[in-house]
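Work through the exercises below with the sequence and the model side by side. Each task is followed by a solution in steps.

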Amino acid sequence: MTTVETARLILRPWCADDLDHLLGLYADSELVRYISGGRPLSRERVVSMLEHALRQWREYGYGPWSAIGKVTGAWIGEIGLNEIPDWPDDNKVEVGWELHRSWWGRGLAPEDGRAALWFGFAQHHLERIISVTKPENAPSRRVMEKIGLIDQGTRSYREGVAVWYALDRATWEISAGPRTPATSDEIVHDDDASPRVQQSATAKFCTGN
Ligand SMILES: CC(C)(COP(=O)(O)OP(=O)(O)OC[C@H]1O[C@@H](n2cnc3c(N)ncnc32)[C@H](O)[C@@H]1OP(=O)(O)O)[C@@H](O)C(=O)NCCC(=O)NCCS
């Protein structure tokens, strides 16, 4: 389990204790506007997302993070890597983000999206990371652009139309590589783009999975 620290947030793996936080997050109709057409996600769907996330952490060593405010300790939202099993390409790992509304507009998603790219490319050697949303989701698309993902156009997906972005590790290494830390169990860097990493820190936040 890997916890990453960015300038303003602690990013720690989802754990079973996060269910109530996630139910609260996905109950906001404005937040889920481009996810479910504004209908709060059912408990069943959120439980299934959580189970999928826990499986990824167990099997791959990566998955979605909970974003925790460093100063306030507030649970701000979810962000990070997530496999999309039904994505119709070989590279199915997405970087994604959903933050409580009161935290929008402060650049938190790009800050943590960059940490997720670093985690996926430098720590897990993924070849390509994608990001998928509805074409109308301008804020999310803007975050994708800000962290260097490249527009791949639109395609039919889940009975609708999706726009998708992608970044290859080779391209990321050229643009962000020199600022990334070497792989190690615990890294402290002053640079905003170089996250501080701790292994097995989940127990500090969660009672168990
Ligand atoms: C997407 C989301 C995580 C963005 O997080 P954030 O931390 O607020 O991101 P930022 O602070 O970088 O702000 C978003 C950017 O989008 C821009 N933006 C916001 N609304 C916009 C709009 N209607 N049209 C165009 N751009 C818009 C902002 O101006 C900002 O860009 P800028 O810094 O160049 O000015 C947040 O809006 C969210 O949680 N949305 C709901 C969940 C969601 O849809 N997630 C994606 C599912 S695929």
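**Exercise 1.** Where is Leu126 found, and is Leu126 buried or exposed?

Solution. Step 1: Leu126 lies in the loop between helix 4 and strand 6; helices (H or I, at least four residues) and strands (E, at least two) are DSSP runs, numbered from the N terminus. The model is a predicted one, in which local features need pLDDT of at least 70, side-chain atom pairs count only at pLDDT 80 or more, and totals for chains, interfaces and linings use all residues. Residues are numbered from 1 along each chain as its sequence is written.

Step 2: A residue is buried if 20 or more other C-beta atoms lie within 10 Å of its own, exposed if 12 or fewer, and partly exposed in between, with C-beta atoms placed from the backbone. Leu126 has 21 C-beta neighbours inside 10 Å and therefore counts as buried.

Step 3: Leaving aside neighbours within four places in sequence, Leu126 is in contact with Val93, Gly120, Phe121 and Arg169; contact requires C-beta atoms, placed from the backbone, within 7 Å. Asn91 is 35 residues from Leu126 in sequence, and the two C-alpha atoms are 8.7 Å apart.

**Exercise 2.** Which elements give two or more residues to the largest nonpolar core, and which gives the largest share?

Solution. Step 1: A nonpolar core is a set of buried Ala, Val, Leu, Ile, Met, Phe, Trp, Tyr and Cys residues joined through C-beta atoms within 7 Å. The largest has 36 residues, and those with the most contacts inside it include Ile79, Ala116 and Phe119.

Step 2: The contributing elements are strand 2 (9–13), strand 3 (64–69), strand 4 (75–83), strand 5, helix 4, strand 6 (128–133), helix 5 and strand 8 (160–168). Helix 4 gives the largest share, nine residues.

Step 3: Ala116 touches Ile79, Gly80, Leu81 and Val95, not counting residues up to four places away in sequence. A second, separate core has six residues, among them Leu22 and Leu41.

**Exercise 3.** Why is strand 5 largely enclosed by the rest of the structure, and how many bridges join strand 4 to strand 5?

Solution. Step 1: Strand 5 is largely enclosed because six of its seven residues are buried.

Step 2: Strand 4 and strand 5 run antiparallel and are joined by seven bridges; two strands pair if DSSP finds at least two bridges between them. Opposite Ile79 stands Trp97 in strand 5.

Key: Contact = placed C-beta atoms within 7 Å.
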